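Work through the following exercises with the sequence and the coordinates at hand. Each task is followed by a solution in steps.

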Amino acid sequence: MTGPSLYVHIPFCETKCPYCDFNSFAVLGRDVDGYLDALRREMDARGVPGDPPTIFIGGGTPTVVTPEQLARYLGDITARLRPDPAREFTVEANPGSLTREKVAVLKEHGVNRVSLGAQSLVDRHLATLGRVHRAAEVEEAYRMVREAGIPRVNLDFIYGVPGMTLAEWAATLETAISWRPDHLSCYALIFEPGTEFHARRSAGRLNPIAEDRELAMFRYTERRLRRAGILRYEISNFARRGEECRHNLVYWRNGEYAGFGAGAFSYLQGRRTGNERHLGRYAEAVRGRGDAIATEERLEGEAAARETIVLGLRTSEGVDVEAVERRYGVDLGGLRGTIGRMRGLGLVAPDGPLRLARRGWRVADEVAAAFL
Amino acid sequence: MRLEHIRNFCIIAHVDHGKSTLADRLLLRTGAVEQRVFRDQLLDSMDIERERGITIKASAVRMMWQGKQINLIDTPGHVDFSYEVSRALHACEGALLLVDASQGVEAQTVANAYLAIEAGLDVIPAINKVELPGAQPELVIDQLSTGLGLDTTGILRVSGKTGLGVDDVLKAVIDRVRPPEGDPAAPTRALIYDAAYDDYRGVVVYVRVFDGTLRRGMKVQFLSNLSEWEIAEVGVFRPEMEKVDVLSAGEVGYFVANLKTLEHVKVGDTIAPAKERDVVPVPGFKDPKPLVFCGIYPASSQDFDDLRKAIEKLHLNDASFTFHPESSEALGFGFRCGFLGLLHMEIVQQRLERHANVDIIQTAPNVTYEVVTTDGETRRIERPAELPDPAHIKEFREPIVRVSIIAPPEAIGPVMALVTDRRGTFVKQDYLGPSRTILVCDLPLSEMVFDFHDLMKSATRGYGTMDYEMKGFFPADLVRLRILVAADEVDALSVICHREVAPRRGREILRALQKTIPRQLFEIALQAAIGGKIIARESITALRKNVTAKCYGGDVTRKRKLLEKQKEGKKRMRQVGGVEIPQEAFLSVLGSRREEKKRK
Ligand SMILES: Nc1nc2c(ncn2[C@@H]2O[C@H](COP(=O)(O)OP(=O)(O)OP(=O)(O)O)[C@@H](O)[C@H]2O)c(=O)[nH]1
Ligand code: SF4
Ligand SMILES: [Mg+2]
């Protein structure tokens with residue numbers, strides 16, 4: 001594997017979505033420039049990998065800032081890298097926040113992949129999700145990116161939204177397919193602790209959809225997209241062959257990455273660190289000591305090997321257990337029983353690398369936990 | 001201290017009649033405990049006793065009053081701990097029998113009074129809680145004299161709450177309890193009535209000295225195994241352990257002798273000077289007769305040794321439960337333990353978990369059965385797995401207990417209905433004064449032990465109390481109800497029950513399992529069978545969905561921790577034929593019957 005990938009976190013959004021537990025904050029009244037100063041300082045102090053195989057700017061909504069601020073941080077990043085047009089360079093964007101001008105800035109800085117947070121193409125569901133954009137704006141944004149000549153576009157969707165029917169979800173998928181995207185991420189809604197949705201559900205004010213209906217959506221998604229030539233390569237990620245997000249694959253393969261910004265994670269030389277999430281504390285830490293590491297973990301030997309298996313199990317390529325043994329210098333013979341049991345249940349493929357079988361996807365966590 | 005200046009007595013009564021509270025008063029009055037360090041029911045020092053508000057262990061304490069040394073033992077009232085009472089009686093010459101003035105004589109009042117009389121103790125009856133507005137002392141006096149045949153002249157009237165009559169109690173103990181007999185100059189003879197394990201000092205042996213003395217440096221032997229030990233410390237309970245120079249004939253106290261292993265100390269054994277061969281042992285205690293049994297297994301099999309040590313230590317402090325190793329296909333190696341009742345079982349389990357730091361899996365309790373095989377051999381069956389093939393059973397017998405229920409006369413009808421419903425039979429009925437009737441009947445132990453007490457309480461609107469004794473084994477139409485999970489019999493779930501109730505029991509058990517076994521990656525069939533015949537079936541549908549859609553890029557740690565937590569939950573489960581069965585499932589066989597715990 002080549003050097004570490006690069007992740008940069010822009011923690012601002014237009015408003016905070018009620019289901020979201022990402023490190024993001026409503027942008028209004030925030031000192032964006034101050035944050036970008038801190039980000040630059042962190043990059044200087046820690047050093048950015050000069051030739052990362054992939055770059056991913058995530059958030060938050062990286063495009064919620066002004067075109068000038070956008071140009072500024074993209075410039076700060078690219079100035080530190082060896083130019084390489086072939087490198088995958090993704091920026092996340094929300095439909096409402098995208099303008100022609102901003103798309104041009106992206107293009108100028110070599111961004112060749114945009115991930116659009118569409119979430120739904122039904123206004124009612126967008127409203128339930130607390131999203132500020134409307135369905136029509138998604139299409140507009142999508143066309144804008146395409147017309148600017150950015151070659152790869154992903155659409156993010158959430159299904160299993162309270163009140164959503166299978167038919168509505170199917171219709172959303174149809175529309176999305178008709179735009180001929182090369183990549184779709186379809187996530188089931190999760191009620192994450194600490195979010196407004198979680199609190200509303202606990203208080204009985206928000207009813208999750210029935211498990212069976214959600215399961216039907218989960219299965220339908222894979223079946224429908226496969227027919228459209230968009231294949232599942234990870235539990236929630238689908239792409240035309242060759243259009244898989246390489247940055248994501250770095251995560252699933254337990255590869256290395258250097259993350260910058262508030263709440264960003266890095267995984268370098270077996271050490272996984274997490275930055276301070278709070279914007280003020282992040283900036284302060286960077287000013288004081290250059291980095292803002294708040295959490296740290298080092299997994300070695302068998303624990304690291306098992307984690308690699310658990311991550312790899314999320315992908316359709318699966319993991320080569322022997323390669324994992326070689327990589328960490330451990331003997332995973334102890335897993336043979338578990339593998340045999342999972343094969344017996346038809347949940348992992350009968351031969352070849354360890355990977356989920358068709359029936360295994362919907363219980364992927366159960367299968368994964370058995371390997372920890 | 002000279003014998004004539006010593007008095008040893010215990011306080012006995014039905015549950016909640018105020019023994020521990022009166023003991024508090026006595027401790028304060030005699031200055032054994034200072035007001036400064038006092039708290040209610042001071043002698044209930046175990047955490048579980050305080051949480052439940054009941055006494056579980058008898059505890060001794062020495063007081064001084066008017067030049068006399070008075071040793072008091074507070075006893076538990078709950079029937080499950082009656083072994084504590086019977087041992088305490090051996091360390092005393094007198095018993096203060098308390099009766100709650102508003103409740104009157106109840107089942108354990110009768111049972112404990114008879115125990116004390118049989119043990120030859122001077123019994124001093126006392127009416128407690130006399131300050132209560134509902135107190136009916138005259139009625140109580142009538143019940144004590146006509147019902148129990150006790151001499152009630154000069155009966156004490158006290159209140160542990162207000163302190164009324166406390167001096168009278170002390171005076172009565174001095175005047176009416178005889179001083180201990182014994183010869184301080186004779187070779188030492190002391191009875192072990194209890195013991196406890198201390199991590200630093202080893203076994204602490206609780207003794208009543210009958211003859212001679214015990215002092216530091218002395219070499220003694222345990223008569224049952226002739227092992228010899230040098231005494232490192234002797235002391236008394238005040239109520240904390242307090243070192244003294246000597247314990248002599250008639251006194252109650254403890255000694256420590258660097259006993260780091262547990263196998264030598266046996267409650268009921270006699271201590272004598274080392275090398276002495278002619279000492280006559282003090283009559284020991286009858287072995288406890290456990291009524292309910294269950295399997296106790298370590299949640300993870302590598303903890304077996306820790307569990308064994310923990311059980312041995314606990315047994316030292318609670319001689320009333322029994323244990324021996326057993327193994328189960330489903331659960332591996334563990335112990336079959338016997339208890340005096342369900343509350344006792346629960347307390348032992350709790351003490352083990354708290355103090356031993358091993359997670360345990362407990363199987364549903366059952367009683368012991370007897371089988372006469374076709375070769376004429378009579379076998380004890382402690383668990384369903386031990387049953388021979390039905391073709392080799394000539395006769396199947398179940399234990400029957402004789403139950404005495406004390407209740408107001410108008411409640412006898414409903415109680416009799418309950419008894420019949422539970423396969424019981426009427427024996428006799430007696431009157432204990434105008435407002436109390438004693439109903440005696442025989443009941444299968446298996447019907448009595450689980451929820452009978454609760455049902456009897458509601459049939460008598462809370463006024464009924466009961467006591468029981470083992471009568472013997474009698475033939476009955478019993479079957480082994482096999483429980484199959486995913487087509488495999490799980491021995492730890494199977495039960496023995498009466499043929500008539502088997503279908504209902506089977507359904508109850510399967511439903512309980514359905515609630516406790518989490519959905520898994522495949523559908524699980526649950527079946528109840530007698531022999532090869534399935535009499536009930538249920539199933540647990542397969543887990544439909546368990547997948548985290550979003551896994552935020554770099555935060556792999558969090559994702560892994562979530563999965564780890566999921567996996568952690570499975571640690572307390574046992575794999576049986578590929579199915580993960582949580583520990584609650586093994587107990588759930590009791591189903592709703594487990595309400596017994598809310599007994600108090
Ligand atoms: N009114 C009144 N209540 C009392 C008196 N003595 C005890 N009690 C109350 O009765 C309840 C039981 O008291 P305990 O002293 O724990 O009874 P016990 O006999 O030791 O109970 P066990 O050891 O569990 O058998 C408590 O709530 C006491 O506060 C009394 O003289 N008058
Ligand atoms: S836009 Fe995205 S990152 Fe921002 S709050 Fe909503 S879901 Fe979270
Ligand atoms: Mg008490």
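**Exercise 1. The shell around ligand 1**

Task: State how the residues in the shell around ligand 1 divide by class, nonpolar, polar and charged.

Solution. In this predicted model, the shell around ligand 1 holds 5 nonpolar, 11 polar and 5 charged residues. Next, identify the members: 21 residues surround the ligand, and the closest are G18(B), S20(B), I54(B), T55(B) and G77(B). Finally, look for the element that contributes the most to this shell: helix α1 (residues 19-29) of chain B, with 3 residues.

**Exercise 2. Ligand 2 and a cis peptide bond**

Task: List the residues that surround ligand 2, and find which peptide bond from G59(A) is cis.

Solution. Step one is the list. Ligand 2 is surrounded by C13(A), K16(A), C17(A), C20(A), F22(A), S24(A), G59(A), G60(A), T61(A), N94(A) and G117(A). By class, this shell has 4 nonpolar, 6 polar and 1 charged residues.

Step two is the backbone. The bond from G59(A) to G60(A) is cis, with omega near 20 degrees. G60(A) belongs to the loop between β4 (54-59) and α2 (67-78) of chain A. Both G59(A) and G60(A) appear in the list for ligand 2.

**Exercise 3. Backbone angles in chain B**

Task: Locate the cis peptide bond that leads to P239(B), and explain what is known of the surroundings of R423(B) and A486(B).

Solution. Begin with the cis bond. It runs from R238(B) to P239(B), and omega is near -20 degrees. P239(B) sits in the loop between β12 (233-237) and β13 (241-244) of chain B.

Then take the phi angles. R423(B) is not a glycine, yet its phi is positive, about 65 degrees. The residue lies in the loop between α9 (412-421) and β24 (425-431) of chain B. R423(B) has 17 other C-beta atoms within 10 Å and is therefore partly exposed.

A486(B), also not a glycine, has a positive phi of about 50 degrees. Its loop connects β27 (478-485) and β28 (488-489) of chain B. A486(B) counts as partly exposed because it has 18 C-beta neighbours inside 10 Å.

**Exercise 4. A sheet in chain B**

Task: What is the strand order of the open sheet of 6 strands in chain B, and which are its edge strands?

Solution. The order is β2-β3-β1-β4-β5-β6 (chain B), with mixed pairing. The edges are β2 (59-65) and β6 (156-157) of chain B, each of which pairs on one side only. At one edge, β2(B) pairs with strand β3 (residues 68-74) of chain B in the antiparallel sense, over 7 bridges. As a check on the register, M63(B) stands opposite I70(B) in β3(B).

**Exercise 5. Chain A as a whole**

Task: Why is chain A said to be as compact as a globular protein of its length?

Solution. First count the elements: chain A has 14 helices and 14 strands. Its radius of gyration is 21 Å, close to the 21 Å that the globule rule gives for 372 residues, so chain A is as compact as a globular protein of that length. The C-alpha trace spans about 55 × 50 × 45 Å along its principal axes. Of the 372 residues, 48% are buried. Among contacts between residues at least 6 apart in sequence, 70% join residues at least 24 apart.

One buried position is G255(A), classed so because it has 20 C-beta neighbours inside 10 Å. G255(A) is in the loop between α9 (246-252) and β11 (257-260) of chain A.

**Exercise 6. Contacts between domains and chains**

Task: Describe the contact between the two domains of chain A, then the one between chain A and chain B.

Solution. Chain A is divided into domain 1 (5-252) and domain 2 (316-369). Their C-alpha centres lie 30 Å apart. Domain 1 of chain A gives 5 residues to the contact and domain 2 of chain A gives 4 residues. On the domain 1 side, α8 (211-227) and β9 (231-234) of chain A each supply at least two residues. That side has 4 nonpolar, no polar and 1 charged residues.

Between the chains, 36 residues of chain A are in contact with 22 residues of chain B. Elements giving two or more residues to the chain A side include β8 (183-188), α8 and α11 (301-312) of chain A. By class, the chain A side divides into 23 nonpolar, 3 polar and 10 charged residues.

Terms used: Residues are numbered from 1 along each chain as its sequence is written. Chains are lettered from A and ligands numbered from 1 in the order in which they are written. This is a predicted model: local features need pLDDT of at least 70, side-chain atom pairs count only at pLDDT 80 or more; totals for chains, interfaces and linings use all residues. Helices (H or I, at least four residues) and strands (E, at least two) are DSSP runs, numbered from the N terminus. A residue is buried if 20 or more other C-beta atoms lie within 10 Å of its own, exposed if 12 or fewer, and partly exposed in between; C-beta atoms are placed from the backbone. Domain bounds come from an automatic or database domain assignment. Two residues are in contact if their C-beta atoms, placed from the backbone, lie within 7 Å. Ala, Val, Leu, Ile, Met, Phe, Trp, Tyr, Cys and Pro count as nonpolar, Asp, Glu, Lys and Arg as charged, and the others, Gly among them, as polar. A residue is near a molecule or strand if its C-beta atom, placed from the backbone, lies within 6 Å of it. The radius of gyration is taken over C-alpha atoms; the globule rule is 2.2 Å times the number of residues to the power 0.38. Two strands pair if DSSP finds at least two bridges between them.
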